[in-house]
Amino acid sequence: MRFGVQLFGIGKQIRKNPEKIFHMLSNYGLRFVEPCIVLGESIPEYPQFWTAEEYAELATKIKSAGLKAESCHILIKENQDLAVQMMKILAEKYNFRQFVLGCPDEVNRTVYQDFSNMLIALAKELKTVHAEILLHNDKNAVWQKIEEVSAYEWLLQKCDGFVYAEPDVGWLLAAGEEPEKFLWRNKKYIKALHYKDMKETVKGELAETAIGTGIIDMTSCFQFARAAEVIQYLDQDTSEGDIFTDIKNASKMLAELTSSREHTVSILCILDTETGKVRKLHKYNKIVEAPNWLSDGDTLIYNSEGRIFRYQISDDSEKIIDSGFCNNCNNDHVPSPNQQYLAVSHSDTGWMSQIYILPMEGGTPRLVTPNAPSFLHGWSPDGKELAYCAFRKYDKKTAVDIYKIDVEGGKEERLTKDNGFNDGPEYSPDGKEIWFNSTRTGLMQIWKMNRDGTGQRQMTFENQNNWFAHISPDQKKVINIAYSKEGLDPEEHLPNMAVEIWIMNYDGSERRKLHSFFGGQGSVNVNSWSPDSKKLAFVMYELLHK
């Protein structure tokens, strides 16, 4: 996902050695920085602010470290007309898409009304260079009220449709506002998020502390940002130890939250691909993933909490399948063509998944792929092969490719090579082709190839990330799940996001969006077409929040 750092807290160190600092931030896994620029003369007491002239050299160093700066905080020391022109130049020269302004220190209706008028005028001008205004908050703008709402929210409402928000969760809490409630209440305005963290002092007051070590519920804030698909910035202004260690640890924390499923309920559904109507079968207070539809037309198989379950549509009942020691199964499982067996992906620890086969009614699993990690996706119609995604090292580099292997085990065969991140292989019903998804052209797109790996060709071309092609039993239609371009990286397949199901003919023609919902990881990882090729089983999710 899109993580960055606000540069104010480390501005003094950047002044001394920008190359070292920017490369350090890049090595932490951060991809964006948010500089502070003063429109006017430099401010000696605030060396963290660069003048527009100084920023030219800084921009070069940011780029050389592999970082991007798409937004910046602006301090205006010039008249409004000149400030507008300077911001337009910055947008066109450095590709800034967002300019962040703080709220006025003096909080009263007259001052804020004048400020809102200025913001709207500024936003209209910046729209001509494809940039926008974001409002940042301090404690005062949230704590003080105008017309019974926080001054910050009052401004956003007055500028509705012109100006957006970059709230700081630390200052929200310091002002007595619960961040989670504030974020969801103002979702339509929020385009970026700042992380500070707070701790209680011995005097019962709140003071800034290292991000992730204080009392703010970072998981709930992150889940909002993931669902809203907004960029997230670390804003560590002070440190009790080493500020760069604080930033490094905070970056690691955010990365670990990308697959968080806390406070999520699952809804098992059926989608009619001809009418677009959705039927909700069952709501679970747990994570349910990846339904397979069996040939009897009444049975679905899914995984939940590491185990595999059978679900009967007709009587809304669930029954666990005995998978023996495979008690940590993920959402990659496929029935055999004759449906006497079930292949599952299981890992003893972490994500080192291996593929096993067990009787459909339950029994002792048999290992097929000793190499790990291996994630199952396809079983050939003749019952002879399994196709899967695997992470393997070649020349000390990890490659993510499509492999196939005999169901009895043996040597695996690599079908893709040196072409991005490749995943989701599924055999066509006639057994001649394998469909898969790949980032080789930039975004994740749907591809297909001959069964032996030859003839690889791209099938989707939208400006979005397309995952997991699933072919209807009659081999007439293909569906896939799609994510936005900006919400996550092309190789990421994350939960609890806005997604879509797309459908097309087998030859790629008549492609269209079929359904939009809140889902992602676990929704349609495996083929879930009904036997009559008319319906699709999938899982949508609801994120419980305050």
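A residue counts as buried when its relative accessible area is under 20%. The model shown in these views is predicted.

**View 1. Leucine 183 in helix H9 and its surroundings.** Helix H9 covers residues 179-185 and contains leucine 183. Leucine 183 has 0% relative accessibility and therefore counts as buried. Beyond the residues up to four places away in sequence, leucine 183 touches Pro167, Val169, Ile190, Leu193, Cys221 and Phe224. One of these contacts, phenylalanine 224, is 41 residues away along the chain, and the two C-alpha atoms are separated by 7.2 Å.

**View 2. The aromatic pair of tryptophan 184 and phenylalanine 224.** The model has a count of 23 aromatic pairs. In the pair shown here, the ring centres of tryptophan 184 and phenylalanine 224 are 5.1 Å apart and the planes stand at 85°, so the pair is edge-to-face. Because tryptophan 184 belongs to helix H9 and phenylalanine 224 to helix H10, the pair ties together parts that are 40 residues apart in sequence. Tryptophan 184 and phenylalanine 224 are both buried.

**View 3. The aromatic pair of phenylalanine 391 and phenylalanine 421.** With ring centres 5.9 Å apart and planes at 80°, phenylalanine 391 and phenylalanine 421 form an edge-to-face pair. Phenylalanine 391 lies in strand S26 (residues 385-394), and phenylalanine 421 in the loop between strand S28 (413-414) and strand S29 (422-427). The pair links distant parts of the chain, 30 residues apart. Phenylalanine 391 is buried at a relative accessible area of 18%, and phenylalanine 421 is buried at 16%. Both belong to one aromatic cluster, together with Trp351, Phe375, Trp467 and Phe468.

**View 4. Two arginines placed over aromatic rings.** Arginine 15 lies over the face of tryptophan 50, at 4.4 Å from the ring centre. In the second case, the ring of tyrosine 394 has the charged end of arginine 414 over it, 3.9 Å from the ring centre.

**View 5. Helix H11 and the elements that cover it.** Helix H11 (residues 243-256) has 14 residues, which at 1.5 Å a residue should span 20 Å. The end C-alpha atoms of H11 are 20 Å apart, which agrees with that expected span. The buried residues of H11 are Ile243, Phe244, Asp246, Ile247, Ala250, Ser251, Met253 and Leu254. Their cover includes three strands, S1 (3-6), S11 (192-195) and S14 (231-234), and three helices, H1 (11-16), H2 (18-27) and H10 (218-228).

**View 6. The open sheet S16-S15-S37.** This sheet has 3 strands in the order S16-S15-S37, with antiparallel pairing. Strand S16 (278-284) and strand S37 (535-543) are the edge strands, each paired on one side only. From one strand to the next, the twist averages 25°. Strand S15 (residues 264-272) and S16 are joined by 6 bridges in the antiparallel sense. Serine 266 has tyrosine 284 in S16 as its bridge partner, and isoleucine 267 stands opposite lysine 283 in S16. S15 and S16 form a hairpin with 5 residues between them, and glycine 276 in the turn has a positive phi of about 80°.

**View 7. Strand S18 between its hairpin partners S17 and S19.** In strand S18 (residues 299-304), 6 of its 6 residues are buried. Both faces are covered, with Thr299, Ile301 and Asn303 on one side and Leu300, Tyr302 and Ser304 on the other. Strand S17 (residues 289-293) pairs with S18 in the antiparallel sense over 3 bridges, and asparagine 292 stands opposite isoleucine 301. The hairpin of S17 and S18 has 5 residues between the strands, and glycine 297 in its turn has a positive phi of about 80°. S18 also pairs with strand S19 (residues 307-312), antiparallel and over 6 bridges. Glutamine 312 in S19 is the bridge partner of threonine 299. The hairpin of S18 and S19 has 2 residues between the strands, and glutamate 305 takes a positive phi near 50° there.

**View 8. The open sheet S29-S30-S31-S32.** The sheet consists of 4 strands in the order S29-S30-S31-S32, with antiparallel pairing. S29 and strand S32 (457-458) stand at the edges with a single partner strand each, so one side of each has no neighbour in the sheet. S29 and strand S30 (residues 433-441) run antiparallel and are joined by 4 bridges. Asparagine 422 stands opposite serine 438 in S30.

Notes. Residues are numbered from 1 along each chain as its sequence is written. This is a predicted model: local features need pLDDT of at least 70, side-chain atom pairs count only at pLDDT 80 or more; totals for chains, interfaces and linings use all residues. Side-chain values use heavy atoms; hydrogens and water are left out. Two strands pair if DSSP finds at least two bridges between them. Axes are lines fitted to C-alpha atoms, for helices over the stretch in contact, and angles run from 0 to 180 degrees between N-to-C directions. Buried means under 20% relative accessible area, exposed over 50%, partly exposed in between (1.4 Å probe, protein chains only). Contact means heavy atoms within 4.5 Å. The expected span of a helix is 1.5 Å times one less than its number of residues. Rings of Phe, Tyr and Trp (its six-membered ring) pair if their centres lie within 6.5 Å; planes under 30 degrees apart count as stacked, over 60 as edge-to-face and the rest as tilted. A charge sits over a ring if NZ of Lys or CZ of Arg is within 6 Å of the ring centre and within 35 degrees of the ring normal.
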